[in-house]
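Subject: Structure handover

Dear colleague,

Here is the structure I said I would pass on. My notes on the salt bridges and one of the strands follow below it.

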Amino acid sequence: MIRIIIVDDHAVVRSGLKMLLNAQKDMEVIGEASEGDEAYQQVEDKAPQVVLMDLSMPHGKDGLSATSEIKKHFPDTHILILTMHDDEEYLFRGIELGASGCILKNAPHEELMKAIRQVSQGDAYLYPSATKRLMEDYMNKIKQGGQVDSYRSLTDREREVLALVAKGYANKDIAEKLIISVKTVEAHKARVMEKLQLKTRPELVEYAWKKGLIGYTR
């Protein structure tokens, strides 16, 4: 079962989502929160696999701040941002803070289920229009004389680290998967960022999508 916590300041929204998710054979809502500090406490107490995180919560800590705190202390928890904002600023900022992806509140129910299942497995998820926008941004950089692709300069181990980081795995998890130390993971990641001339995690995710290292959403 995918253990889920819903974070939204509207009780009606939480109730509707809970009913929808609990109707799935592989999902269980184990907690709810109306603002960021409460969400953090729920994660600490109940150890969910996925947190559905609203961004705009006027009373208490907002979704982006909560995402940052949760990922800092509970890196294995996957956060899927649930938002009304079809805006690059929210998308990129959320990913930069550690979210596994974003989905719009008006997305079809089937797409929400797909997104939850995808991030629960450690993969990233972006709603289709956001994926398109990332690709357009990448192509614009190429047209404007962006950096030449240096993927061939990466070692096999660096490519493995790149793919796992892009999928949202924490350094500790990568170390366990590859049977290396956390410090070695950090060193590989630093060299990857340097070789590819990337500065932020959103840029790394965008690059990994372009190279086909993580699956596209359609």
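Lys105 is partly exposed, with a relative accessibility of 28%. Please bear in mind that this is a predicted model. The partner of Lys105 in a salt bridge is Asp8, and their closest N and O atoms are 2.9 Å apart. Asp8 sits in the loop between strand 1 (2-7) and helix 1 (11-22), while Lys105 sits in the loop between strand 5 (101-104) and helix 5 (109-120), so the salt bridge ties together parts that are 97 residues apart in sequence. Unlike Lys105, which is partly exposed, Asp8 is buried, at a relative accessible area of 1%.

The structure holds nine salt bridges in total. Two others that I looked at also link distant parts of the chain.

One of them is between Glu32 and Arg14, at 3.1 Å from N to O. Glu32 belongs to strand 2 (residues 27-33) and Arg14 to helix 1, with their positions 18 residues apart in the chain. Arg14 counts as buried at 13% relative accessibility, whereas Glu32 is partly exposed at 26%.

The other is between Lys195 and Glu158, with the closest N and O atoms 2.8 Å apart. Here the link is from helix 9 (residues 182-196), which holds Lys195, to helix 7 (residues 156-166), which holds Glu158; the two residues are 37 apart. Lys195 has a relative accessible area of 27% and is partly exposed. Glu158 is buried, at 3%. Salt bridges with shared partners also join Asp8, Asp54 and Lys105 into one network.

Now to strand 5. What covers its two faces can be put briefly: Gly101 and Ile103 on one side are buried, and so are Cys102 and Leu104 on the other.

Strand 5 pairs with strand 4 (residues 78-83) in the parallel sense, over four bridges. Within that pairing, Leu104 of strand 5 is the bridge partner of Thr83. Strand 5 also pairs in the parallel sense with strand 6 (residues 125-126), over two bridges. There, Gly101 has Tyr125 in strand 6 as its bridge partner.

One point to look at in the viewer is the handedness: strand 5, helix 5 and strand 6 form a β-α-β unit that is left-handed.

Regards

Key. Residues numbered from 1 in each chain as written. Predicted model: local features only at pLDDT ≥ 70, side-chain atom pairs only at ≥ 80, totals over all residues. Heavy atoms only, no water. Salt bridge = Lys/Arg side-chain N within 4 Å of Asp/Glu carboxyl O. Buried < 20%, exposed > 50% of the residue type's maximum accessible area, 1.4 Å probe, protein only. Pairing = 2+ DSSP bridges. Right-handed = clockwise from strand over helix to strand, strands pointing away.
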